[in-house]
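Let's take a walk through this protein together, starting with its strands and ending at its surface. Keep the structure open beside you as you read.

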Amino acid sequence: MRRLAWLCVAAAALLPATVQGQYFGQNKVQYSRFHFKVMATEHFDLYYYDIERNAALDVARMAERSYLELSTVLRHQFRERKPIILYASLSDFQQTNTSADEVSEGVGGFTDFLKHRIVIPLTGSYADVQHVLQHEMTHQFQYDVWSGGRAGAGVQTIIAVNPPLWFVEGMAEYMSLGGVDPNTAMWMRDAAQEGKVPTIHELETDPRLFPYRFGQALLTYVGQRWGDEAIGAILSASRSGSLEGAFRRVIGLDYRQLGDQWRDAVVKEYLPQLNTADRASAISQAVLTKERSQGTLHLAPALSPDGTKVAYFSEKDFYFIDLWLADVATGKAAHRLFKSTFSSNYETFRFINSSSSWSPDGKLLAFAGKNGAHDDIIILDVEHNKQVGTIRTGLSGVMIDHLWTELFEDSLQRLSADVVLVELDGRVQVGAVAGRQVVDNRHFMARGAKAVGDVGANEARATGDEDTHARI
């Protein structure tokens, strides 16, 4: 069942203190010492450190605004203050000792059940911070309801409720993004076209179905038909029985009836739109697939300037995510460009919010990797499959766009988003834009910004035999 997987953290927290003390945090590498201070708002204690103080002031305002919205819709008030722990960048966030688990590249934030604390990084995008903050705060409300308003309590209640992931995460996405979300609409349109809108039973048992998107779509249907307050009423009613029983008491439908009516509504909404649209397969050809390229992940693809090759990250036929090169015409992987286990210097590559970048002549490829507390830009000679340079940026969370001239650094920090141009010899040119204008880094990419982030006094150094006249 997909209900219990997310309870593993809470279950681990219940181990005896002597056992926990033997391993908690000891295997997680920490490069920095964070001297946290506390900013108290009406309902939260916001933990921050000096470099992110200005951003913390805005996050505090976001938190209270989100609390007002959620408490009104869910008709529930906190009876105790809730902690929010804020990190200045993804690299800082990955060093957190608030969780014994490794914080992977794909984790944008989390909320632990026992202490009800939100832990999130700044990302350089106010839209992203607002989304993640309100998503995690929805989890705070869920945990507060199930624990009877007291952090550390309610473990037996949540085990009895046994809430499925589609409800827990789908509700958090709906409460933070709303029902009009192009990304989720894309998923649902495709599911309707392929006849693969899942049943609720399938959402709970099939690990291939992503609970965030389908759960958001299902609760959007509930909110639009019965009102958002019905979702809060279902959450509250689930304390005294099963979640399906709560649905039955509030909206009068069990899972089978609700799932059937939701699927009918999805088909009715999206199929008329598809009558005037071509299938993707009719106007395009898939390049990277499991059948053509092996592997189940094909991340951050970057097309070469001549359009014949594509660089991408994939686990291919093994466990680790490496950088691969494939032929566009066939999709077949030509060879591995860079192995993640090649050097112990790099803990992870940036493949979620960043991609590789080709030089204009197609000879060199640049991508970002986490080296300690900061990120390096790694330069490869594609033809000879050889690393020819490393730029030590001194930045955290580097984001590289598809264009060789664009480099992004994703930390709000002091709320000045600096435009950064990095030479291959390591020189950095900096110019500032207003941090509050950084709504979405991907929009800046389209408008031709060079970089987003606060570089401060950091200096970049380059090593290797690269051409110092080329520029990223």
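A good place to begin is the hairpin that joins β1 to β2 through three residues. What you are looking at is a predicted model, so please read the values below as computed from it. Strands β1 and β2 (residues 44-48) run antiparallel and are joined by four bridges. Within this pairing, methionine 39 stands opposite leucine 46 in β2.

Now look to the other neighbour of β2. Four bridges join β2 to β3, and here the strands run parallel. Leucine 46 turns up again, standing opposite isoleucine 84 in β3. As a reminder, strands of a sheet pair through backbone hydrogen bonds, either parallel or antiparallel.

Zooming out, these strands belong to an open sheet of five, with the order β1-β2-β3-β5-β4 and mixed pairing. The edges are formed by β1 (37-40) and β4 (110-111), each of which pairs on one side only. Helix α3 (residues 53-74) packs on this sheet, where it touches β1, β2 and β3 (82-87). The direction of α3 makes about 155 degrees with that of β2. Helix α5 (residues 126-146) also packs on the sheet, touching β2, β3, β4 and β5 (118-121). For α5, the angle is about 170 degrees with the direction of β5.

Which side chains of β2 point to which face? They alternate: Phe44, Leu46 and Tyr48 point to one face and are buried, while Asp45 and Tyr47 point to the other and are not buried.

Next, let's turn to charged pairs. Side chains of opposite charge can pair when their charged atoms come close. A search of the whole structure finds 15 salt bridges. One of them involves the sheet we have just left: the side chains of aspartate 50 and lysine 37 meet at 2.8 Å, N to O. Because aspartate 50 lies in the loop between β2 and α3 while lysine 37 is in strand β1, the pair ties together parts that are 13 residues apart in sequence. Lysine 37 counts as partly exposed, at 39% relative accessibility.

A second salt bridge joins glutamate 173 and arginine 213, with the closest N and O atoms 2.3 Å apart. This pair links distant parts of the chain, since glutamate 173 sits in helix α7 (residues 165-177) and arginine 213 in helix α10, 40 residues apart. Are these partners buried or exposed? Glutamate 173 has 4% relative accessibility and so counts as buried; arginine 213, at 7%, counts as buried too.

For a pair within one helix, look at aspartate 260 and arginine 263, whose closest N and O atoms are 2.8 Å apart in a salt bridge. Both lie in helix α13 (residues 255-274), three residues apart, or about one turn of the helix. Aspartate 260 is partly exposed, with a relative accessible area of 27%, and arginine 263 is partly exposed at 21%. Elsewhere, salt bridges that share partners join Glu80, Lys82 and Asp144 into one network.

Moving on, there is another open sheet to find, this one of four strands in the order β6-β7-β8-β9 with antiparallel pairing. Here β6 and β9 (333-338) stand at the edges, each with a single partner strand, so one side of each is left without a neighbour in the sheet. The twist averages 25 degrees from one strand to the next. Six bridges join β7 (residues 309-314) to β8 (residues 322-327), and phenylalanine 313 stands opposite leucine 323 in β8.

Strand β6 (residues 299-303) also holds alanine 300, which has a positive phi of about 50 degrees although it is not a glycine. Alanine 300 is buried, with a relative accessible area of 16%. Asparagine 385 likewise has a positive phi of about 50 degrees without being a glycine. Asparagine 385 is found in the loop between β13 (374-381) and β14 (386-395), and is partly exposed at 37%.

We finish at the surface. Met186, Trp187 and Phe210 make a nonpolar patch of about 270 Å². Phenylalanine 210 has its place in the loop between α9 (200-205) and α10 (211-226), where it is partly exposed, with a relative accessible area of 34%.

Notes. Residues numbered from 1 in each chain as written. Predicted model: local features only at pLDDT ≥ 70, side-chain atom pairs only at ≥ 80, totals over all residues. Heavy atoms only, no water. Patch = residues over 30% accessible without salt bridge, like charges linked within 9 Å, V, L, I, M, F, W, Y side chains within 5 Å. Areas by Shrake-Rupley, 256 points an atom, 1.4 Å probe, with all protein chains shown as cover. Salt bridge = Lys/Arg side-chain N within 4 Å of Asp/Glu carboxyl O. Helix = DSSP H or I, 4+ residues; strand = E, 2+ residues; numbered from the N terminus. Buried < 20%, exposed > 50% of the residue type's maximum accessible area, 1.4 Å probe, protein only. Pairing = 2+ DSSP bridges. Axes fitted to C-alpha atoms, helices over the stretch in contact; angles between N-to-C directions. Contact = heavy atoms within 4.5 Å.
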